[in-house]
Amino acid sequence: MLLRFLVLAGLAAAGSLVAVGAGAIEPLKLASHRAVYELTLDRPDPSGSVVSLRGRLVMEFQNVCDGYTLNQRIHTEMTNDEDNDLISDFTTTSWESHDGRRFRFSLKNDINGETEEEYIGSADTDAGLKGGHARFTKPKSKHMVLPPRTVFPNEHLETLIRGAMAGQLMLPVRVFDGSGDDGLYETGGYIGKPFEPVNASEGVLKPLAGVRSWPVHIAYFPLLTKAETPEYQISFRLFANGVSGDLVLDYGDYAMKGTLTRLDLLPEHGC
């Protein structure tokens, strides 16, 4: 599950064209940035499997002219009611083309020093209209057919931003995130009323002064199992330049909170 958390946190990195008025379009100006989130337990597991949690998420997003790259690392230390520790170190890198049709990914999760999950591969779609294909080279060579209207993580965020700017409240989107056979989801997104603009004196959010933002909640339903309840849900503050503020990830049994503690806007590549 932590593997998908990283992919989701990486939703704060994408670009798109947004409809404005009748027939007009305006490009979003999304920021290359590095963000650090301190992770804490938001709600413990009543069964006792998770009674304490701490960690850190570091993510870096860059516009590299032909697409967008995302590099992330998350380190968590969880303890159960028998005082046993589970230490997870997860890293991921991805690239997605500007038009959302091509996606490359590499994800690795080490638990207590041993690799538990690793996926490397690429995927493509026909603009989501006719579906597409995913090809894995790790853990083994495999081909996977993506159904029609499937999008990749950055394209998913583009849809959320367009919807927020247009005043939409609900956005269902089908997403493939690269995390194996079960990395294909039907999502239900809810967008709340806009926040008040950030004040220039608001600490870590100071670089986002004047940037519009909205509360966003997304529920993820595994497509292949057709589950009626979400596998997990994520809530976060989405800024119009692609940065995410504080977030909460709810796995059902327990939930953890990511508090944004550092944000650096990075120089843009000359293209």
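**Reading strands, rings and surface: a tutorial**

Tutor: Let us start at one spot: Asp 110 stands opposite Thr 115, a residue of E8. Keep in mind that the model you see is predicted.

Student: Which strands pair around there, and in what sense?

Tutor: Two strands count as paired when at least two bridges are found between them. Here, strand E7 (residues 102-111) and strand E8 (residues 114-125) are antiparallel partners, with ten bridges.

Student: How many residues lie between E7 and E8 in the hairpin?

Tutor: Two residues separate the strands of this hairpin. Look at Asn 112 in the turn, where phi is positive at about 50 degrees.

Student: Which strand pairs with E8 over six bridges?

Tutor: That partner is strand E9 (residues 132-138), and the sense is again given as antiparallel. To find your place, look for Ser 122, which has Arg 135 of E9 opposite. From E9 you can go on to strand E10 (residues 142-146): the two run antiparallel and are joined by five bridges. His 133 has Val 145 in E10 as its bridge partner, and three residues make the hairpin link from E9 to E10.

Student: Now the whole chain, please. How many helices and strands are there?

Tutor: The chain has two helices and 17 strands. It holds 271 residues, and 49% of them count as buried. For contacts, take residues at least 6 apart in sequence: 52% of the contacts between them join residues at least 24 apart.

Student: I also see many rings. What describes a pair of aromatic rings?

Tutor: Two values do it: how far apart the centres are, and the angle between the planes. With centres within 6.5 Å as the rule, this structure has 13 aromatic pairs. Take Phe 103 and Phe 152: their ring centres are 5.1 Å apart and the planes meet at 25 degrees, so this pair is stacked.

Student: Which parts does that pair tie together?

Tutor: Phe 103 belongs to strand E7, while Phe 152 sits in the loop between strand E11 (150-151) and H2, so the pair links parts 49 residues apart in sequence.

Student: Are these two rings buried or exposed?

Tutor: The test for buried is a relative accessible area under 20%. Phe 103 is buried because its relative accessibility is 3%, and Phe 152 is buried at 0%. Phe 152 has another ring partner, Phe 176: that pair is edge-to-face, 6.5 Å centre to centre, with 70 degrees between the planes. Since Phe 176 is in strand E12 and Phe 152 in the loop between E11 and H2, this pair ties together parts 24 residues apart in sequence. Phe 176 is also buried, because its relative accessibility is 0%.

Student: Which residues do the ring pairs link into a cluster?

Tutor: The cluster consists of Phe 103, Phe 105, Tyr 119, Phe 136, Phe 152 and Phe 176.

Student: Let us finish outside. How much area does the chain expose?

Tutor: About 12,800 Å², of which 52% comes from carbon and sulfur atoms. One place to look is a nonpolar surface patch of about 320 Å², made by Leu 169, Met 170 and Tyr 190.

Student: Where is Leu 169 found, and why does Leu 169 count as partly exposed?

Tutor: Leu 169 is in the loop between helix H2 (153-166) and strand E12 (170-176). Its relative accessibility is 49%, so Leu 169 counts as partly exposed.

How values were computed: Residues are numbered from 1 along each chain as its sequence is written. This is a predicted model: local features need pLDDT of at least 70, side-chain atom pairs count only at pLDDT 80 or more; totals for chains, interfaces and linings use all residues. Side-chain values use heavy atoms; hydrogens and water are left out. Patches are made of residues with over 30% relative accessible area and no salt bridge: like charges are joined within 9 Å, nonpolar side chains (Val, Leu, Ile, Met, Phe, Trp, Tyr) within 5 Å. Accessible areas come from the Shrake-Rupley method with a 1.4 Å probe; for residues, only the protein chains shown count as cover. A salt bridge is a side-chain nitrogen of Lys or Arg within 4 Å of a carboxyl oxygen of Asp or Glu. Helices (H or I, at least four residues) and strands (E, at least two) are DSSP runs, numbered from the N terminus. Buried means under 20% relative accessible area, exposed over 50%, partly exposed in between (1.4 Å probe, protein chains only). Contact means heavy atoms within 4.5 Å. Rings of Phe, Tyr and Trp (its six-membered ring) pair if their centres lie within 6.5 Å; planes under 30 degrees apart count as stacked, over 60 as edge-to-face and the rest as tilted.
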